[in-house]
Amino acid sequence: MAEALVVCAGAVLDIDDEQQLLQHYCDQLTELVPSLRLAWIWFGDPDTRMIVPQVRAGAARAYAEHLCIPRTRLTERGPAYRALQGQRSEPYRISATSLFGPWREMARQHAMQEVLVLPLQSSVDAQRGVLALYADVPGYFERIGLPLFEAMAGLFSSALSRAARHKALENAVMVDALTGLKNRHAVPVLQRQLLRADDDAAPAALLLLDIDHFKSINDVHGHAVGDQVLGAIGQTLRLHVRSGDLVLRWGGEEFLLGLPGASADAAWAVAESLRQQVAAVRHVQADGQLFNVTVSIGVASLLPAESLDQAVQRADGALYAAKRGGRNRSVLA
């Protein structure tokens with residue numbers, strides 16, 4: 001067990017992705033610790049209604065691949081949901097007559113005799129987790145020493161904390177301070193969601209949106225009002241896009257929207273809906289008077305094997321056509 005701790009600790013320096021790191025930890029743990037037949041981990045919101053292992057390792061990992069623990073009155077008293085509340089539990093004996101169905105399966109099919117469930121907790125955010133360890137020898141965890149397994153859980157918790165810090169730094173770089181939207185640094189995320197390898201890939205589309213006469217808004221009403229307009233439009237877009245769509249502040253008064261799974265017709269319909277939503281918002285100028293703002297939108301359906309830059313250029317061409325056509329309209333490339 002001590003050897004497993006040392007080996008796992010060394011991996012912190014080499015592996016950046018938290019799930020990959022936790023997978024490595026579990027692999028090493030089940031390989032180096034005798035009689036430990038399965039280790040699985042779940043981590044996320046402690047109020048989750050369902051625990052489904054995200055990381056699985058060991059000779060009995062097939063069991064965890066189909067494990068699903070819904071939050072019920074019975075399971076809330078069990079070790080997994082108690083661990084999510086930060087409660088430490090003693091090892092549980094597993095038998096073919098256990099009240100919990102999955103444990104009966106473990107005893108019958110995998111000869112498991114004991115389970116130890118330990119809480120994981122990030123020190124950076126509210127994320128919590130569960131580390132479940134299964135042994136095929138009764139009394140195994142106490143014989144090895146519970147403090148060693150708790151030290152391992154502490155190492156796993158450190159991995160979650162490091163991932164949370166990394167995510168916070170990433171968000172600080174990727175989020176536009178004025179609108180709260182992602183910025184150009186989030187382009188790799190957009191690429192992963194949208195790019196189509198071939199004709200059989202799911203459709204995807206881009207919307208490039210530009211605020212009409214934004215320079216005049218700044219000149220007439222002042223930059224403070226211009227900033228309020230940008231923030232309000234950013235909020236409108238965020239509230240009215242489809243679930244799974246990504247909204248970026250592209251720069252200045254431009255916004256870029258990625259629509260995975262959207263055909264050309266669906267993307268144009270989304271563009272028209274957003275254009276009307278933006279036009280309906282009333283903004284307040286410095287003297288208290290209200291005014292409306294409109295946007296022009298270029299729509300481009302991604303072509304197979306087309307780069308994101310190429311699609312953005314076509315959306316920009318459609319946006320220019322919308323401006324030339326009188327503004328406050330959507331044009332499909």
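A crossing of two helices is called right-handed if the near helix is turned clockwise from the far one by less than a right angle, and left-handed if the turn is anticlockwise. In this predicted model, the crossing of helices α11 and α12 is right-handed. The axes of α11, residues 223-240, and α12, residues 264-280, come within 10 Å and cross at roughly 140°. Angles over 145 degrees would count as roughly antiparallel; α11 and α12 are therefore oblique to each other.

The contact itself can be followed residue by residue. From α11, the residues I233, T236, L237 and H240 meet L274, Q277 and V278 of α12. Sorted by class, this contact of α11 with α12 comprises four nonpolar and three polar residues, and no charged ones.

Helix α11 also meets helix α10, which spans residues 214-221. The axes of α10 and α11 come within 7 Å and cross at roughly 140°. The pair α10 and α11 is therefore oblique as well. Here F214, I217, N218 and H221 of α10 meet H223, V225, G226, V229 and L230 of α11. The residues of the contact of α10 with α11 divide into five nonpolar and four polar, again with no charged residue.

The discussion now turns to the sheet on which α11 packs. Five strands form an open sheet in the order β9-β10-β8-β13-β14, and their pairing is mixed. Strands β9 (246-251) and β14 (330-332) stand at the edges with a single partner strand each, so one side of each lacks a neighbour in the sheet. Neighbouring strands of this sheet are turned against each other by 20° on average, direction ignored. Helix α11 packs on the sheet and touches β8, β9, β10 and β13, while its direction makes about 5° with that of β10.

Within this sheet, strand β8 covers residues 204-211, and eight of its eight residues are buried. The residues A204, L206, L208 and D210 point one way from β8, whereas A205, L207, L209 and I211 point the other way; all are buried. Both neighbours of β8 in the strand order, β10 and β13, can be described through their bridges. Strand β10, residues 254-260, pairs with β8 in the antiparallel sense over seven bridges. One residue of β8, L206, has G258 in β10 as its bridge partner. On the β13 side, seven bridges join β8 to residues 295-301, and these two strands run antiparallel. The bridge partner of I211 in β13 is V295.

The mixed character of the sheet appears at β13. This strand is antiparallel to β8, but β13 and β14 pair in the parallel sense over three bridges. In that pairing, V299 stands opposite L332 in β14.

Another open sheet of five strands has the order β3-β1-β7-β6-β5, with antiparallel pairing. Its edge strands are β3 (55-57) and β5 (92-93), each of which pairs on one side only. Strand β5 is joined to β6, residues 114-121, by two bridges, and the two strands run antiparallel. There, R93 stands opposite E114 in β6.

Notes
Residues are numbered from 1 along each chain as its sequence is written. This is a predicted model: local features need pLDDT of at least 70, side-chain atom pairs count only at pLDDT 80 or more; totals for chains, interfaces and linings use all residues. Side-chain values use heavy atoms; hydrogens and water are left out. Axes are lines fitted to C-alpha atoms, for helices over the stretch in contact, and angles run from 0 to 180 degrees between N-to-C directions. Helices (H or I, at least four residues) and strands (E, at least two) are DSSP runs, numbered from the N terminus. Angles under 35 degrees count as roughly parallel, over 145 as roughly antiparallel, 65 to 115 as roughly perpendicular and the rest as oblique. Contact means heavy atoms within 4.5 Å. Ala, Val, Leu, Ile, Met, Phe, Trp, Tyr, Cys and Pro count as nonpolar, Asp, Glu, Lys and Arg as charged, and the others, Gly among them, as polar. Buried means under 20% relative accessible area, exposed over 50%, partly exposed in between (1.4 Å probe, protein chains only). Two strands pair if DSSP finds at least two bridges between them.
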